[in-house]
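Visitor: I would love a close look at one part of this model, the sheet. Could you take me through how its strands are put together?

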Amino acid sequence: MADAHHHLLFYASGGYTASALKFADERGIALFSLLELGHITPVNAAASRLSARQDRTAGWSRMTPCESQVASGRGQSPNSRAIQRAAELEAQRQTVRRLITSVRAQTSVVHALPSNRYTKDRIKTLNAAHKLTERAEVLLAKSQADFQTHGGRKRLIAMADEKAREAALKLGMRV
């Protein structure tokens, strides 16, 4: 277990599996997510505790200026509320990313079928699923842009989730 001066940390840009989260939680390993725009977001309780202790002037900001203003405007600690909200959004993003990955894996399986098993309908379905997953990824990327508010990010993630679920249903996957 980590002591007061040594902490076990792990950073990832691709998210964490459920078993990795469980493993880290059991051992007190702080998991962080590295977002494309350079933001670092705590993913589990150990990371949130460590982030709350981190001096905000040290140079690694986990909130956009907008999130900081919103959190401080409510009289709450900017670290606690904004970190919690950012972690919730990141967890939702990871769920959508996993669904997109599953859809892509399913399309790969279908593509691997012998060509004589393809029909026009099958090709249309694959193309539609591909377009929907691309749209979902674009929406997820937009949800991480600095200019987005928390509500805007949440809506974009919900729209990405909707597109990914639609793609999965087109392929006959259970969601």
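Guide: Happy to! Strand E2 (residues 30-34) pairs with E3 in the antiparallel sense, over three bridges. Strands here are DSSP runs of E with at least two residues, helices are runs of H or I with at least four, and both are numbered from the N terminus. Two strands count as paired if DSSP finds at least two bridges between them. To find this pairing on your screen, look for Leu-34, whose bridge partner in E3 is Ile-40.

A word on the source: this is a predicted model, in which local features need pLDDT of at least 70, side-chain atom pairs count only at pLDDT 80 or more, and totals for chains, interfaces and linings use all residues. Residues are numbered from 1 along each chain as its sequence is written, and side-chain values use heavy atoms, with hydrogens and water left out.

Now for E1 and E2: these strands run parallel and are joined by four bridges. Here Leu-9 has Ala-30 of E2 as its bridge partner. Together with helix H1 (residues 18-27), E1 and E2 make a right-handed β-α-β unit. Right-handed means that, with the strands pointing away from the viewer, the path from the first strand over the helix to the second runs clockwise.

Put the pairings together and you have an open sheet of three strands in the order E1-E2-E3, with mixed pairing. Its edge strands are E1 (9-12) and E3 (40-42), each pairing on one side only. From one strand to the next, the twist averages 30°, with axes fitted as lines to C-alpha atoms and angles running from 0 to 180 degrees between N-to-C directions.
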